[in-house]
Amino acid sequence: MTMKTFCGRANPTTGALDWVEESEEYDYHQEIARSCYADMLHDKDRNEKYYQGIRAAVSRVKARGERVVVLDIGTGTGLLSMMAVTAGADYCYAIEVFKPMAQAATCIVERNGFSDKIKVINKHSTEVTVGPDGDMEERANILVTELFDTELIGEGALPSYEHAHMHLVQADCEAVPHRATVYAQLVESDMLWKWSQLQPIEVDGSKLLPPPAVVKCAGAPSVCDIQLSQVPPESFTPLGPICTMFRVDFSKPVSSAAQSYMAQFKAQTSGRAQVVLSWWDIDMDPDGNIVCTMAPSWNYSDPHTYPWRDHWMQSVYFLSAEENVSEGEELNLIVSHDDYSLWYSLTHSEQNDVKVAKFRPCCTCQAHLVWTRPRFGELNDEQRTESYVNALRSILKPDSVCLSVSDGSLLPIFAHLLGSKKVFSLESSGMAKQVIEQVLHTNSLKHGVQLLGVRPEQLSLADLEGNRISVLMAEPYFSTSLLPWHSLFFWYCRTAVAQLLHPSVTILPRAATLYIVAVEFQDLWRIRAACGTCEGFDVSPMDEMIQRSLDYRESLEAEPHPLWEYPCRALTKPRPVLTFDFTQCVPEQPVNSDGTVAFTGRGHCHGVALWMEYQLTEDINVSMGLTKQVSEEGACEWNPHRKQGVFFFRSARETSGDGREDLSYNLTFEPHTGDIKMNFSVTEPLQD
């Protein structure tokens, strides 16, 4: 019997996430095709440090005259177990809960000739049994794991260690890694704070204020994990030193119970305490000679030696409210954790009786559930607001009847402040509707905008109080959009309300254009590059498995990435490839675009970046991708609030940059699905 799974897929024709029934295979294939296993195998720093730590642990156990039995929890490809056997371990139990991965590990172990020494167990470690009839014949004396995420404990490392010490390993076992240390630094940063709090917004001389409930709210409970190396040091001010918050010794029993730790320091400078930057490192040996650190590149004396990785990044935590601190003031930075997550709070030293939050802070204002952090950043972007306000100002008249279609959008409020007669806004989500109501209420604009909780195709003239729409507007922003063209949902909305539009309607944006540029990534290519061998072991079955998963969908797909976090260099000029005219309805027939664009840069082409640009009016455009002209050297600056699409080539193509190669493209917009099918290749032009 084959299992069916439901996979959420953005459907631009309805603006919804469709739950598509797929065979169980599909889910696995998606998971594998988009997984970070390749990134981990390419992480040379991690692999070398683990290998050194494993060698050292094996020799310590051998020196005691004991038989070496290794337990490897979360084995993945089986890499760490193979390292252990090569280092002299007598036997390894390799545990992997994800079935396709356990199968790949079995295959890799076999291909490398270790089947007699490594047993792959496809279970969760907490279900593994020990004894003559158990999964493991005996308890292990070396515990090797790689159960960490960017937050260290978010993948359940603490409960797994807690259980392993109770049931699966000996009392005096060695552990690789031996310990972990969590570091944090308190900073002031306007750029980062804008991801957590709605700032007052200037519109035509009036100030739009954030609701008090939003200002007082502790914010979203989930960690914000980013490539902190891409946040320039000039965009934040450290208010204190980098503090050692706490350590976990993995060779001794570990507790997953909630705990808090405190670091005391004097404020280095006066400012507003807003944000905590955090990362961890792991010591692979008891003496701390073999260290693998997640510190960002600007924390290295030589940033060029920084080992890039994407499976572990750095964390940004937002304090529940900003606090003024004065230079020299005694501060306490407190970190608390439960079994899966961390959170930070700040107290001033005189407040010794402060009760530490026993519970993880969570959003009480709903805004942090409606708006993601990049979305907060987008709403707080003054230049962006100015573009929309200027565009609206140029088209609105005192008798304008406006309809806005975007999720959790402030655009209809701008239209009201600019003097429109009537403003209606479609808000499909009840929660988003409540958040916008709060904004209206706070600014005494309660009757300025009518929020309609109906779908575009259900909208009637009665909902609009008998008025035809003279201005139809959108950012467009929809919370279900994953890829740039998913926001074409606006086009489908425009088509659905066509009967309600005034004959001389103005539509903003009037059009959207899909752009492409061929790029060379500094590092992001690693997440999709085949590994072949890793530390001398053949891991090609993993490559083959990822390849099969990519082949599972015949057409290659682009995937979403926030490119501001992943430096790349343009190897061609940006090229507009498809334009969508919102003044017309969605066409019945597919729209195709094909052609070539010459390579102007020399390098390795890893793929193609794709993004949308919206033409708000005749002379105002906003780009969701490149925000500046590409420099001579090909340097790119990306919009930090939206993800761009990336189409990866299966292997990098070398380009000379002297016109000898072209990027060939073929894109087709399918109106019935709202999807864009695409293919790209590097071709050599025919010589005359």
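On one face of helix α11, turned away from its buried side, sit the exposed residues Glu382, Gln383 and Ser394. This is a predicted model, so what follows describes a prediction. The helix itself runs over residues 382-395, which makes 14 residues. From its first C-alpha to its last, α11 reaches 20 Å, close to the 20 Å expected at 1.5 Å a residue. Just at its start, aspartate 381 brings a side-chain oxygen to within 3.1 Å of the backbone nitrogen of glutamine 383.

What about the other side of this helix? Arg384, Thr385, Tyr388, Val389, Ala391, Leu392 and Ile395 are the buried residues of α11. They end up on the same side of the helix because they cover an arc of only 160° around the axis. A bit of helix geometry helps here: an α-helix has 3.6 residues a turn, so residues three or four places apart point the same way. As for what lies over the buried residues of α11, the cover includes two helices, α10 (373-379) and α12 (411-417), along with the strands β9 (201-203), β23 (469-473), β24 (501-508) and β33 (621-623).

Helix α11 also turns up around the empty spaces of the model. Rolling a probe the size of a water molecule over the atoms shows where empty space is left. There are two cavities of 30 Å³ or more, and the largest cavity holds about 80 Å³ of space. Its lining is made up of Glu378, Leu379, Arg384, Thr385, Tyr388, Ser409, Leu410, Leu411, Phe414 and Glu475. The elements giving two or more residues to that lining are α10, α11 and α12. Which of them gives the largest share? That would be α11, with three residues.

The second largest pocket is another place to look, with about 1,400 Å³ of space. It is lined by 49 residues, and Thr627, Lys628, Glu637, Trp638 and Asn639 are the ones that lie nearest its centre. Two or more lining residues come from each of α7 (190-193), α11, β29 (568-570), β32 (603-615) and β33. Once again α11 gives the most, this time with five residues.

Two other helices can be described in a similar way. Helix α5 (residues 99-111) has 13 residues and spans 18 Å from first C-alpha to last, close to the 18 Å expected at 1.5 Å a residue. Its buried residues are Pro100, Met101, Ala102, Ala104, Ala105, Ile108 and Val109. After α5 comes glycine 113, with a positive phi near 75°. In helix α6 (residues 157-167), the buried set is Ala157, Leu158, Ser160, Tyr161, His163, Ala164 and His165. Strands help to cover these residues of α6, among them β3 (69-73), β6 (140-145), β7 (169-176), β13 (243-249) and β18.

The last two of those strands each hold a residue worth a look. Serine 336 is part of β18 (residues 330-337). Is serine 336 buried or exposed? It counts as buried because its relative accessibility is 2%. Its side chain makes a polar contact, at 2.9 Å, with the side chain of serine 260. Valine 248 belongs to strand β13, and at 12% relative accessibility valine 248 counts as buried too. Apart from neighbours within four places in sequence, valine 248 is in contact with Leu158, His178, Arg179, Ala180 and Val254. Phenylalanine 376 lies 128 residues from valine 248 along the chain, and 34 Å separates their C-alpha atoms.

Technical notes:
Residues numbered from 1 in each chain as written. Predicted model: local features only at pLDDT ≥ 70, side-chain atom pairs only at ≥ 80, totals over all residues. Heavy atoms only, no water. Helix = DSSP H or I, 4+ residues; strand = E, 2+ residues; numbered from the N terminus. Expected span 1.5 Å × (residues − 1). Buried < 20%, exposed > 50% of the residue type's maximum accessible area, 1.4 Å probe, protein only. Arc of directions from axis to C-beta. Contact = heavy atoms within 4.5 Å. Polar contact = N/O pair within 3.5 Å; in protein donor to acceptor, adjacent residues only side chain to side chain. 1 Å grid on protein atoms, 1.4 Å probe; cavity = no way out; pocket = protein on both sides within 12 Å on 5 of 7 lines; lining within 4 Å. Points joined across faces, edges and corners; volume = space filled by probe spheres on them.
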